[in-house]
Amino acid sequence: MHKVIIVGANFAGINAARVLLEGGCNVVIYERQAEIGYMGASFPLWVMGKVKEREQLFHSNIVELADAGAKVSTSCEVLSIDFSAKNITVRDKFGREFKDDYDYLILATGSRSRQFPVAGMDLDGIHYAKFFSDANACVQRLAAPEVKRVAVIGGGYIGCELAEACKKHGKDVLLLETDKQLLPTHFDPEFAGIMQDQLELLGVKIHFSRVRSFVGKKYVEQIVHEKGVEDVQLVLFCVGFYPVAEIGDELQRTIEGSYIVDEHQETNIKGVFAIGDCCANFHQIIGKHRASFFASNAMRTAHIAARRILGRDVKNPGSQNSSVVLIDKLYLGSTGITMRKAEELKIEVGYSDFTGKQFPAFMAVDNPDVKLRLLYRLKERVLVGVQIASQYDISSALNYYSLAIQERLSIEELSLMDLFFMPHFNHAYNYHMLAALGAS
Ligand SMILES: Cc1cc2nc3c(=O)[nH]c(=O)nc-3n(C[C@H](O)[C@H](O)[C@H](O)COP(=O)(O)OP(=O)(O)OC[C@H]3O[C@@H](n4cnc5c(N)ncnc54)[C@H](O)[C@@H]3O)c2cc1C
């Protein structure tokens, strides 16, 4: 029976543990935090009051993993790895250091919030949005009656979700983004504008402006940014993540600092794997390994590494960074690359936009518009990006496009896809076909 040590116990580490335990391995897990399995995605829902119980914020716990046969040690930091002796050095919460041997080692050390070094960052009431301790501190501060105005820094998915959540919690909300649009990594301005309209409709005040500093005595009282000074009593930083890949000097890393892995998630040292946010992921369109911070990737890469250890040959097909965000009634989804990214990568792309109705006109139901953009390589005509916006739940359509990009379908193949029609669900003149035909 192999002994596998897993460093880090969230989506990646826990999922790998589950597969390995089922496969009969002896699994030992070390986690730096006091708790395991915190689901970051639940944080905005907790702020909005949709998640009621603390336990619901976690997708696993120590008892569940211990019952399945794992040895789990929390508040334990793995300090270093000796690859030739095949052991790690661990420090526990009392400061005691000890070694532990492995047959296989899985690094699932995840990511941290990007730091934002501006004056006043050490004031109370300024939080990041990564760990349970961050979310817990923020939710407690939100409950204080003197907290009337919240500044959310960063207009990516998480920033938009938290801006909505704080607004629905009853606070005045200011959202600051340094780019000239919201969601700059995932959407072109036409789609980002829909998100901006939605948030403004909810009452969120948006500034495209960079933070300069914070002012206050004990707690933060003011935010100073390029376009003004405003009173705030709570600040939430959602300015992205960077990989935590600090241990193992001999391991190769990308320039972004992620562990480099092969298609089986194995690093340059045999028997040592890296999974989830801490490793670079093959990007289908960019054609290179890139840092990517998605629970969905963490789950997939965990399966790949664990199955490899169990002797099964599963390869990582790569990723196109698919995601959907829901703000109030607006669903906004993207996969692949945007026009801006295509320009940056010097990929010649064309695009086809189409806005259609979800249902035929005779259906006595709300019939929202669906706005769709398909991006494709001009020469090869394969799909490289999709953006979609609607008040209808388009999330499964986004998965369909994610698969289409993974399988390198051409725009012509998409226009001929055998998509069902049934008035209860869609329109015979469906927007998928019409958008693809628009590019043919
Ligand atoms: C607010 C928020 C919302 C999000 N929403 C979504 C979403 O809707 N969809 C989605 O796909 N993704 C979402 N994400 C991203 C998702 O949470 C991450 O991609 C996912 O958690 C990555 O899992 P992981 O196990 O690789 O890493 P992490 O979750 O970062 O876990 C790594 C663990 O390793 C531990 N660790 C690190 N170094 C050591 C060490 N030396 N010794 C011991 N332990 C160590 C850390 O303490 C940590 O617990 C969200 C993230 C946040 C913060």
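**Figure 1. Domain 1 and domain 3 in the predicted model.** The centres of domain 1 and domain 3, taken over C-alpha atoms, are separated by 34 Å. In the domain assignment of the chain, domain 1 comprises two segments, 3–112 and 242–309, while domain 2 covers 115–237 and domain 3 covers 323–437. Contact between domain 1 and domain 3 involves 4 residues of the former and 7 residues of the latter. On the side of domain 1 that touches domain 3, 3 residues are nonpolar, 1 is polar and none is charged.

**Figure 2. Helix H7 and its packing partners.** Helix H7 is formed by residues 295–309, 15 residues in number, and its first and last C-alpha atoms lie 21 Å apart, close to the 21 Å expected at 1.5 Å a residue. Its buried residues are Asn297, Ala298, Arg300, Thr301, Ala302, Ile304, Ala305, Ala306 and Ile309. These buried residues pack against helix H1 (11–22) and against four strands: E1 (3–7), E7 (104–107), E18 (272–274) and E19 (280–282). Just after H7, Gly311 adopts a positive phi of about 90°.

**Figure 3. The shell around the ligand.** The ligand is surrounded by 31 residues, of which Gly8, Asn10, Gly40, Gly110 and Gly276 are the closest. The shell contains 16 nonpolar, 10 polar and 5 charged residues. Helix H7, shown in the preceding figure, supplies at least two residues of this shell, as do H1 and strand E4 (77–82) each. Domain 1 and domain 2 each contribute at least three residues to the shell.

Terms used: Residues are numbered from 1 along each chain as its sequence is written. This is a predicted model: local features need pLDDT of at least 70, side-chain atom pairs count only at pLDDT 80 or more; totals for chains, interfaces and linings use all residues. Domain bounds come from an automatic or database domain assignment. Two residues are in contact if their C-beta atoms, placed from the backbone, lie within 7 Å. Ala, Val, Leu, Ile, Met, Phe, Trp, Tyr, Cys and Pro count as nonpolar, Asp, Glu, Lys and Arg as charged, and the others, Gly among them, as polar. The expected span of a helix is 1.5 Å times one less than its number of residues. A residue is buried if 20 or more other C-beta atoms lie within 10 Å of its own, exposed if 12 or fewer, and partly exposed in between; C-beta atoms are placed from the backbone. A residue is near a molecule or strand if its C-beta atom, placed from the backbone, lies within 6 Å of it.
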